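This briefing covers disulfides, aromatic pairs, an internal cavity and a few further points. The chain and its coordinates come first, and the notes follow by topic.

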Amino acid sequence: MIISSALTIGQITFILRVAIQILTYISLAVLGTLILGNAPRVASLKTHDTINRIVGANSATSSTIKWLFNSLRRNPSGSSNLILILFFSLSYTIFASLSDIGFLGFYACSVPGPTTFDHIASLTSSSSAENFIRSYTVNGTDLSAVRTYHCDASAVAQFDLGTSFYNCTSWSNSTLSDNDFYEGLNGSDTDALMLRQLTHRPDKNDSFFNFNTFYIGPTPQLVLQPIINGGLAIVPHPTGVRMVAGVPQLEPNTQVELSDALALEMDVGCMTLGVVGVKNTYDISDAGNDFMRTRDGWRKYTGPDYMQDVLAKTVDDIRTYLQPFFNVSSMDGSGMIQSFNSTNVMFSPAANINSHRLLRSPTAFDMPDTGFMANCTAALQQKLGIPNALDQPGTLCSLLGMGGSRAGNGALQQGFDRMVCAASTQLNLVDATIHVNENRNVSLDFSRIPSALNYVYADFWTTETRPDNGSILFDPRTPYERYTLTPDSKSPSTHFIAQSRPPISGGQGSAGNAITSIVPFILEGDLFRDNTYAGMTALPEGFEDVIIGTERLVEWAGQVGGSYILGSLVYNGWAALDASRIKVVSTGGRIGSCYKPYYAIGFIPLVLSAGVVFCWAVILLFGGSLFGTGKVKDAYGGLSTYSAAMCPGAEPSATLVVWESAPEPHLRPLSDGYPLTVNSSSTALTYLKSMDS
């Protein structure tokens, strides 16, 4: 049963306590009135004694206040101890009532559970690790047929005139079923990860070459929120995506702290070109035109600071190149100039991200895009100290844009805002804190550690002998790539790495392949040319009037990056089981009672008064001053003190006493044999009221 969704336990307790006290005081006052209204005129001395005690208890507070006031005003020579004790007696009830304020501090809360220890990906046994690996390979894969390799070093080998490869000089190999092969792998080693959909690829040269097939690419959906999957924490953010490897599968209200963990960081930045394509939605004859903004404010940028100047230079160069394609005399009042010819962008009424090509002369043979993007990539590589890729270099810059429906000039239009985007990838060693709250939301916080990065690249290839001339043909396959990070106080804490587009045509299938391909996959058009990923370029805004901006495109790129990591990589089950267990700290989840300490001030007066009273009592007790107080209590109680004077030699319980009204209301004892002339069943109230009238 829900009591309240707004009040805390302490507040409810306080309200009930106050209500109960008020009800108690009112009820006691009513009961006292009922007793007085039913007090008999004629009763035994013992009966009148009991009623006297009740009346004394009900009037004790007001009588004490009056006595203290008169005593302090007249400065009596009596005992000051009595004054102090009566003051405590009077204030104690007030302090007890004030103590209810202290109950406001109680409230229901979530308290931590026990601390546990867990493996990466929450694997607990060899069977669970094997099943984990099988779940990420092609269904039915024989793990003992999938060859796996570790390469510690490589060197250039010359095989033929003009043919050279990076040949591994220190190999070790086994199969995916061999758990011992992954023992002792550093958690910051990419060989501790594996590609998804890994399986053996039958080949005519299996006796000499053993190749695997695998998948490198995104899942069918964007990763919109941070997740933990397969031992990886994947966290998209407004300007990219981060991934930390070696994470247990955390439950709600738990947290782990990882030391020397491998972190992949992809940053994305986009800047507007100030060129937008527009067409009328309902005019099928309108092919659309490009418009160039010339007024201040056309340049918008979202992304890391270190990319902004490189993109600004690229944008300025492109705008200079585009100037001849626009009719300056067509400038309108908002500073927009229209292109001479129709636009070349692909329009859609649905919100979308797409690539675009620069305008060019019909007689031009070369695509100008390539040169601008190559210059942009080279400038960014030089600024960040990124080495050239050993394989086919991948671009770090691309022409992207955002389109969709928009309202303009009183009509529904389709627009496309052209932008230039860039991305970079880092592999770093980090100390990370990963937390999952009660709503299963994942948060990641980390600090980079100075570390040394070791990169090993080795080519895979097959050979064929040409039957016509006996020459050997070399067929390159997907190379082996491995990154290893080790703590080193003399090394930098950030490591930007090269991006490349290795052939995905079978090979060993190393996790490093996915890491070096993430930026080219997003920027070089695979998403836009392959219908497999068509759904990823559509935005949830749909056909609504879209607010086009760099913020949305950069955010989208981070979500694609998260999907790419999720779809390509997973922690190797054997490496996860071999790694040290990780401390999992509970941050709450069980319902408990908590207290806000500052409300305890409500208990202080009562506690201090009680302390003084008990200390005083202990002092008097050891001094022998409290022994025999029971006799004084009996002597002071009710009418027993005056029974000897009223009824000499009589037993109080057997002596009848009657109320008389003259000269003032008083009790008079009835002697034995004295005739009873009054109504013995009448009450004192009835009699005294009748005398007043």
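Cys397 counts as buried in this predicted model, its relative accessibility being 1%. Its disulfide partner is Cys376, with an S to S distance of 2.0 Å. A search of the whole structure finds three disulfides, and the notes below begin with this one.

**Disulfide of Cys376 and Cys397**

- The torsion about the S-S bond of Cys376 and Cys397 is -70 degrees, and the link is left-handed.
- Cys376 belongs to helix 7 (residues 368-384) and Cys397 to strand 19 (residues 397-408); the pair links distant parts of the chain, 21 residues apart.
- Cys376 has a relative accessible area of 1% and is therefore buried, under the 20% limit that defines the class.

**Disulfide of Cys151 and Cys168**

- Cys151 and Cys168 are joined by a disulfide with an S to S distance of 2.1 Å.
- Because the torsion about their S-S bond is about 115 degrees, the disulfide of Cys151 and Cys168 is right-handed.
- The pair ties together parts that are 17 residues apart in sequence, since Cys151 is in strand 4 and Cys168 in strand 6 (residues 163-168).
- Both Cys151 and Cys168 are buried.

**Disulfide of Cys270 and Cys421**

- Cys270 and Cys421 form a disulfide with an S to S distance of 2.0 Å.
- This link of Cys270 and Cys421 is right-handed, with 110 degrees about the S-S bond.
- Cys270 lies in strand 13 (residues 254-280) and Cys421 in strand 20 (residues 411-436), so the disulfide ties together parts that are 151 residues apart in sequence.
- Cys270 and Cys421 are both buried.

**Aromatic pairs**

- The structure contains 16 aromatic pairs.
- One of them is formed by Tyr149 and Phe460, whose ring centres are 5.6 Å apart; the planes stand at 75 degrees, so the pair is edge-to-face, the class for angles over 60 degrees.
- Tyr149 is in strand 4 and Phe460 in strand 22 (residues 451-465), so this pair ties together parts that are 311 residues apart in sequence.
- Tyr149 is buried at a relative accessible area of 12%, and Phe460 is buried at 9%.
- Another pair is that of Phe521 and Tyr564, with ring centres 5.4 Å apart and planes at 40 degrees, so the pair is tilted.
- Phe521 sits in helix 9 (residues 518-523) and Tyr564 in helix 11 (residues 550-568), so the pair ties together parts that are 43 residues apart in sequence.
- Phe521 is buried, with a relative accessible area of 6%, and Tyr564 is buried, with 2%.
- A cluster linked by ring pairs holds Tyr149, Trp171, Phe211, Phe460 and Tyr480.

**Cavity**

- One cavity of 30 Å³ or more is found when the whole structure is searched.
- The largest cavity encloses about 120 Å³ of space.
- Its lining consists of 16 residues, and those nearest the centre of the cavity are Tyr182, Asp191, Leu193, Gln508 and Gly509.
- Strand 4 (147-151) and strand 8 (193-201) each contribute at least two residues to the lining of the largest cavity.
- Sorted by class, that lining has nine nonpolar, six polar and one charged residues.

**Helix 6**

- Helix 6 (residues 305-322) has 18 residues and should span 26 Å at 1.5 Å a residue. The C-alpha atoms at its ends are 26 Å apart, so the length agrees with the expected value.
- The buried residues in helix 6 are Tyr306, Met307, Val310, Leu311, Ala312, Thr314, Val315, Ile318, Arg319 and Leu322.

**Ile227**

- Ile227 is placed in strand 10 (residues 227-229).
- Ile227 counts as partly exposed because its relative accessibility is 26%, a value that falls between the 20% and 50% limits.
- Ile227 and Arg440 are 213 residues apart along the chain, and their C-alpha atoms are separated by 8.9 Å.

Note on methods: Residues are numbered from 1 along each chain as its sequence is written. This is a predicted model: local features need pLDDT of at least 70, side-chain atom pairs count only at pLDDT 80 or more; totals for chains, interfaces and linings use all residues. Side-chain values use heavy atoms; hydrogens and water are left out. Helices (H or I, at least four residues) and strands (E, at least two) are DSSP runs, numbered from the N terminus. The expected span of a helix is 1.5 Å times one less than its number of residues. Buried means under 20% relative accessible area, exposed over 50%, partly exposed in between (1.4 Å probe, protein chains only). On a 1 Å grid over the protein atoms alone, a cavity is a set of points where a 1.4 Å probe fits but cannot get out, and a pocket is an open set with protein on both sides within 12 Å along at least five of seven lines; lining residues have an atom within 4 Å of a point. Grid points are joined across faces, edges and corners, and a volume is the space filled by probe spheres set on the points. Ala, Val, Leu, Ile, Met, Phe, Trp, Tyr, Cys and Pro count as nonpolar, Asp, Glu, Lys and Arg as charged, and the others, Gly among them, as polar. A disulfide is a pair of cysteine sulfur atoms within 2.5 Å. Rings of Phe, Tyr and Trp (its six-membered ring) pair if their centres lie within 6.5 Å; planes under 30 degrees apart count as stacked, over 60 as edge-to-face and the rest as tilted.
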